[in-house]
Amino acid sequence: MSYLIVVGVTIAIYAVLAVALNMVVGYVGQPNLAQSAFLGLGAYFAAVLSTRYHLGFWWTIPIAFGVAGIAGFVLGAISLRLREDFLAITTIGLNFVMVAVFQYVPFFGGAVGIYSIPVPTIGAHHFGNLDYLILAALMLALVVGVSKYLERSWLGASLWAIRDDESAAASVGIPVASYKVAAFTLSAAFAGMVGSLYAPFLSAVTPTSFGFTESVVILSMLIFGGLGKVRGALLGALVLGALPEAFRFISNFRLLTYGVILLLMLRFQPQGLAGDASAVSRLVGRLASPLRKSRDHGPA
Amino acid sequence: MFLSSLIDGIATGSLYALIALGPSLIYGLLRVLDIANAAGLTLGAYVGLKVWRATGSLLLGICAGIAASAIFGLGLQRLLYRPILNRGPLIPLIASIGTFIAMEEAFRLVFGPYPFAFPARIPLPTLRFGYTVVTGVHLVILIVGLLVLGLTWFALRRTRLGLYWRATSQDMDTAEAMGINTRGVVAAIFVIGYALAAVSGILLGINYNTVYPTMGDIPAYKMLAIIVLGGLGNPLGTIAAAMLIGLVETFVVMYAGYVLPRDAIAFIVLIVVLLARPQGLLPGLRRNK
């Protein structure tokens, strides 16, 4: 049971990261392969502040949110100057630069990382795995709520307009630059926020655990599930997050299986598991159609 | 000291040029960032090593490595890239990274996680000019690098394939309408690109005397920085950028010590240059919409 809860916390953290990433990649259509750098920034700040400066856990959450948000703001400003593939590669590079910063800047504790991060408390109660799960679920609910709100708001519609045609969006008066930066800022801030939970959950942070591969894993989840859709990000995080656990019995082949499943998915179902017109969406649609019909026409 | 660093830097730059040239040519045609090219590099190194061990002939090893890598590249293009090209830039990129990671796992499972030595003797003398020492491997890298540089310039400017490559990278549909066999051009470029990867893999293996499953990691990401720096889809710019990165890395390590990991330098140079010149050092190709 405890093992399942740990897996659940991991999946929930991945889900927060994927849903947050969707704000930039799905809504605004900007490539971003640096999500784990923002996770790392949040996790590192939480770790340093709680071990070295004995700051309480609950204070580290807004600080991680803010610090990662500032970094996201900077990346957003950079993104204004770069187009598509140039931006994609810059974000790839950002992972390597960030790992180097974690390794070489003394503030972040050097190559060995930071250990024995204190366990968060509520009053006198120390966090157990179930508490982590509840908090991760709350964070997930927050980021899903913000996403859903965005989708219904004028801002969300503007972001989609920028994705589909930037100059057309600008011509109808959408402030393209500031909205792009806003999406990057928000997405990074949520990644940093969940980092403040990630650090005490693992009880240690090391530079290499926030590298490029992690960013690829997060983006893969989003694309696997269906780019642009909150349900896609959730489904992707659930399936790809659980896969390594499900294939534990062939542990030596785990990563290979993971890679092959991802490739088959991209090859045969590039719109993702829960994208429009995907096999799953069609199936759900077909199953739901009798219900919908009866609702449309009333009881026969 | 300075001279030997200079030669070291140029040798490193030549190796980078060799590694980055294939992906640069492929990007020019398909607008795909072919990270999986680095899997061709590792595959070439392993096959080259095994055949050299079995037969004792390095030449045979190199040929076998090239063949294996080229077949892999061609298969990748046919089975994976072609069907998903119209899906925007992100999906081919993730597919390429996924292939690369899966291949690294496959290498680990097939050849084992431990590094192999590659103590092939290069039939060239070690040159000494005073304190400056040029090893046989460095000499080969320099020769191969300069050869490839010259050949690339010649092939792009003076041969029919070069003309077709330029036409296809400008506009694939128009090139097709003009009677160019664009599928053939793409196939030829993949064969060349993955052959270059195999050669660089074998040189890399001999130079550091080691072949291991994740040896493609650093080349994979560094070549991205290099092809962007050179202006995406501009092979001659790629070669210039490779030389620049090779020299900067060598001299930063030489004069400033290990203030930064050597492998982050390329990306820091990249980000700084891109902020000043978002189109790269040399302007790349533009595709007409």
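Rings of Phe, Tyr and Trp (its six-membered ring) count as a pair if their centres lie within 6.5 Å, with planes under 30 degrees apart called stacked, over 60 edge-to-face and the rest tilted. This is a predicted model, in which local features need pLDDT of at least 70 and side-chain atom pairs count only at pLDDT 80 or more, while totals for chains, interfaces and linings use all residues. Residues are numbered from 1 along each chain as its sequence is written, chains are lettered from A in the order in which they are written, and side-chain values use heavy atoms, without hydrogens and water.

Select first Y44(A), F45(A), F102(A), F107(A), F108(A), Y198(A) and F210(A), which form one aromatic cluster. Within this selection, F107(A) and F108(A) have ring centres 5.1 Å apart and planes at 80 degrees, so they make an edge-to-face pair. F108(A) is buried (under 20% relative accessible area; exposed is over 50%, partly exposed in between, with a 1.4 Å probe and protein chains only), at 8%, whereas F107(A) is partly exposed at 29%.

Move next to Y46(B) and F116(B), an edge-to-face pair with 6.1 Å from centre to centre and 90 degrees between the planes. Y46(B) counts as buried, with 0% relative accessibility.

Finally, show both chains and look at where they touch: the contact (heavy atoms within 4.5 Å) takes 43 residues from chain B and 36 residues from chain A. Across this interface the rule finds 0 salt bridges, a salt bridge being a side-chain nitrogen of Lys or Arg within 4 Å of a carboxyl oxygen of Asp or Glu.
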